[in-house]
Amino acid sequence: MSILAATAISIAMLQNVSTDFAQREATRLDACIARIDVDAEEAYEDALAWSFEGNRPGARQCVALALIALGQEAEGAARLEELANATDGGTMEQRALYLTQAGNAWLVAGAPEAAIVTLTNALKIMPDEPNLLVDRASAQIMLQKWPEAIKDLDRALEALPGLAAAHQLRAEARLNMNDLQPALADVKAAMAAEPDNIDTLVLRGRIREAIRLADVKIVAPQTE
């Protein structure tokens, strides 16, 4: 056998080993994440044990997600951001996923400023991804930055027309800007997509009440 042939066989064997290892890691990560929904404390302990075997990305991701499930959202978000910026963080798509998860954790932690920074970094990898835009708009709304939120939601709906969450959030932003008829149109679009969404039903009631009060003010007789 020639040296070139032996080298080719060796490379193929290494590629197979690498593929098998990646598959085992992915399977272990799926199992770890599934365990979080059942017992977050146990999942956290398992993820720590896994990380002691080599501190691989899947282990670090599961540790972070378990911390978030255990109510330590800020710590989990920070760890996910570290993973997204690590040399072994994986593909750009994987890094965008870590940033997305971190951004949502910052939202739950009540830190919209941090969420905006993180989600903006994710959007640099996946521009105009509608769910990321909706997440960032959620943070903008928490900060009462209504025009900024509407801009993100317009982009989200351009990318994915009829997205219920985008219509609902844009209705909220428009309501707060007293742009009532467009707000009502948005809430109707959200209900068409998700007719049983309680939050949307409540929002519709608020918008209708705002319209009623605005009409009363318009037709109310002037007092001397």
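**Exercise 1. A loop residue**

Classify Asn 178 as buried or exposed, then find its place and its backbone twist.

*Solution.* Start with the accessibility: Asn 178 counts as exposed because its relative accessibility is 58%, and the cut-offs are under 20% relative accessible area for buried, over 50% for exposed, and partly exposed in between (1.4 Å probe, protein chains only). Before going on, a word on what you're looking at: this is a predicted model, where local features need pLDDT of at least 70 and side-chain atom pairs count only at pLDDT 80 or more, while totals for chains, interfaces and linings use all residues. Residues are numbered from 1 along each chain as its sequence is written, and side-chain values use heavy atoms, with hydrogens and water left out.

Next, the place: Asn 178 sits in the loop between α9 (164-176) and α10 (180-193). Helices here are DSSP runs (H or I, at least four residues), as are strands (E, at least two), numbered from the N terminus. Finally, the twist: Asn 178 isn't a glycine, yet its phi is positive, at about 65°.

**Exercise 2. Another loop, another positive phi**

Work out where Gln 144 is and how its phi is set.

*Solution.* Gln 144 belongs to the loop between α7 and α8 (146-159). Its phi is near 60°, a positive value in a residue other than glycine. With a relative accessible area of 58%, Gln 144 is exposed. You can add a glycine to your notes: Gly 110, just after α5, has a positive phi of about 75°.

**Exercise 3. The overall fold**

How many helices and strands does the protein have, and how much of it is buried?

*Solution.* Count the elements and you get eleven helices and zero strands. Then take the buried share: 40% of the 224 residues. Last, look at contacts (heavy atoms within 4.5 Å): of those with a separation of 6 or more, 46% join residues 24 or more positions apart.

**Exercise 4. Two helices against the ruler**

Check the spans of α5 and α6, and list what packs on α5.

*Solution.* The expected span of a helix is 1.5 Å times one less than its number of residues. For α5, the 17 residues should cover 24 Å, and the end C-alpha atoms are indeed 24 Å apart. For α6, the 14 residues should cover 20 Å, and its end C-alpha atoms agree at 20 Å.

Now the packing. Buried residues of α5 include Tyr 98, Leu 99, Trp 106 and Leu 107, and the helices they pack against are α3, α4 (73-85), α6 (112-125) and α7 (130-142). On α6, the buried set includes Ala 115, Ile 116 and Leu 119, with α4, α5 and α7 among what covers it.

Zoom in on Leu 107: with a relative accessible area of 15%, it's buried. Its contacts beyond four places in sequence are Ala 115, Asp 135, Ser 138, Ala 139 and Met 142. Leu 107 and Ala 139 are 32 residues apart in sequence, but their C-alpha atoms are 6.6 Å apart.

**Exercise 5. The nonpolar core**

Which residues touch the most other members of the largest nonpolar core?

*Solution.* A nonpolar core is a set of buried Ala, Val, Leu, Ile, Met, Phe, Trp, Tyr and Cys residues joined through side-chain atoms within 4.5 Å. The largest one has 48 residues, and those touching the most other members are Ile 36, Cys 62, Leu 80, Ala 115, Val 134, Leu 153 and Ala 166. Helix α3 (57-69) gives the most to this core, eight residues. Apart from it lies another core, of ten residues, including Ala 171 and Ile 207.

Take Val 134 as a test case. It lies in helix α7 and counts as buried at 8% relative accessibility. Beyond four places in sequence, Val 134 touches Leu 153, Ala 156, Leu 163, Ala 165, Ala 166 and Leu 169. Its C-alpha is 7.2 Å from that of Ala 165, 31 residues away along the chain.

**Exercise 6. The largest pocket**

Give the volume of the largest pocket and describe its lining.

*Solution.* On a 1 Å grid over the protein atoms alone, a cavity is a set of points where a 1.4 Å probe fits but cannot get out, whereas a pocket is an open set with protein on both sides within 12 Å along at least five of seven lines; lining residues have an atom within 4 Å of a point. Points are joined across faces, edges and corners, and volume is the space filled by probe spheres set on them. That puts the largest pocket at about 270 Å³. Of its 16 lining residues, the closest to the centre are Glu 25, Pro 57, Gly 58, Gln 94 and Tyr 98.

Sort by helix: α1 (3-38), α3 and α5 (92-108) each supply at least two lining residues, and α1 gives the most, five. Sort by type: seven are nonpolar, five polar and four charged, where Ala, Val, Leu, Ile, Met, Phe, Trp, Tyr, Cys and Pro count as nonpolar, Asp, Glu, Lys and Arg as charged, and the others, Gly among them, as polar.
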